[in-house]
Amino acid sequence: LAYSVDMRGLLAEMASTMPPDRVAHAIAPDRDVQRVVRALQGIGRLDIAIRWTRLALDEHPTYETAQTLYSLAMMQKDLPAAEHAARERCRILPGNQCQLALARVLEQEQKPHDVVAALQDVANWRGRGDERRAAWFMLCDAHLALHAIDDARTCLRLLDGSGLIVPTDVGMTRRRVALENLVKQAILNEGPRGATP
């Protein structure tokens with residue numbers, strides 16, 4: 001397939017007779033990513049597009065290839081592939097946006113420890129307020145998911161003082177209630193000698 005001009009017909013034939021992994025491996029990883037992905041989308045084989053794009057990213061890591069894999073994987077809800085792409089994007093071009101994208105995938109994968117690691121420096125972020133606010137909310141939610149009461153309380157306090165939210169913010173109110181419930185549950189679990197909230 002390295003020199004095929006009409007890729008779509010050949011890919012359709014291969015996809016009808018071979019397993020997806022074998023088709024993905026048969027496509028040279030140095031091909032034009034957008035062209036291969038469009039051809040695979042044209043025959044309705046996004047599963048092969050994801051497999052091949054991941055191989056291409058591992059062989060020739062570029063931001064564009066990582067972005068393409070991330071988009072395809074999120075569209076197909078292939079969270080492991082999306083996580084791989086997001087981590088590669090952050091490795092190639094670090095920044096708040098890639099950290100936020102990675103945290104979104106990790107949150108969907110229910111990996112709160114990894115969300116905390118990805119967003120640990122959110123207090124130092126500069127730039128768009130909506131991205132910083134979303135990152136703070138994900139970080140606080142991860143602490144709540146881990147039942148880390150002190151970390152969740154500190155996170156909410158820092159978010160409160162960040163200037164990114166208004167006092168009547170519904171998201172903040174929901175998180176405060178979740179924290180209060182977590183504290184109450186911890187007190188009930190500890191019995192009469194438990195700490196006060």
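## A tour of the salt bridges and helix H9

At 13% relative accessibility, glutamate 131 counts as buried. Select it to begin, and keep in mind that this is a predicted model.

Now add arginine 128 to the selection. Its side chain forms a salt bridge with glutamate 131, with the closest N and O atoms 3.5 Å apart. Arginine 128 is partly exposed, at a relative accessible area of 48%, whereas glutamate 131 is buried.

Next, colour helix H9, residues 129-145. Put a distance between its end C-alpha atoms and you should get 24 Å, which agrees with the 24 Å expected for 17 residues at 1.5 Å a residue. How many residues of H9 are buried? The count is 12 of the 17, so the helix is largely enclosed by the rest of the structure. Among the buried ones are Trp136, Phe137, Met138, Leu139 and Cys140, and charged residues such as Arg132 and Asp141 are on the list too. To see what covers them, show H7, H8, helix H10 (149-160) and helix H11 (170-190), which are included in that cover. Then step past the end of H9 to histidine 147, whose phi is positive, near 60°.

Stay with Phe137 for a moment, since it is one of those buried H9 residues. What lies over the face of its ring? Arginine 175 does, at 3.8 Å from the ring centre. For another charge over a ring, jump to tyrosine 70: the charged end of arginine 89 sits over it, 4.4 Å from the ring centre. If you go hunting for aromatic pairs, though, the count comes to zero.

Back to salt bridges. Select glutamate 83 and lysine 111, whose side chains meet at 2.8 Å, N to O. Glutamate 83 is in helix H6 (residues 79-92) and lysine 111 in the loop between helix H7 (96-108) and helix H8 (112-118), so this pair ties together parts 28 residues apart in sequence. Buried or partly exposed: which is glutamate 83? It counts as buried, at 10% relative accessibility, while lysine 111 is partly exposed at 30%.

For the last stop, pick aspartate 47 and arginine 45. Their side chains meet in a salt bridge of 2.8 Å, N to O, and aspartate 47 is partly exposed at 28% relative accessibility. Widen the selection to Asp21 and Arg51, and you have a network of salt bridges linking Asp21, Arg45, Asp47 and Arg51. If you want to keep exploring, the whole structure has 13 salt bridges.

Definitions and conventions:
Residues are numbered from 1 along each chain as its sequence is written. This is a predicted model: local features need pLDDT of at least 70, side-chain atom pairs count only at pLDDT 80 or more; totals for chains, interfaces and linings use all residues. Side-chain values use heavy atoms; hydrogens and water are left out. A salt bridge is a side-chain nitrogen of Lys or Arg within 4 Å of a carboxyl oxygen of Asp or Glu. Buried means under 20% relative accessible area, exposed over 50%, partly exposed in between (1.4 Å probe, protein chains only). Helices (H or I, at least four residues) and strands (E, at least two) are DSSP runs, numbered from the N terminus. Rings of Phe, Tyr and Trp (its six-membered ring) pair if their centres lie within 6.5 Å; planes under 30 degrees apart count as stacked, over 60 as edge-to-face and the rest as tilted. A charge sits over a ring if NZ of Lys or CZ of Arg is within 6 Å of the ring centre and within 35 degrees of the ring normal. The expected span of a helix is 1.5 Å times one less than its number of residues. Contact means heavy atoms within 4.5 Å.
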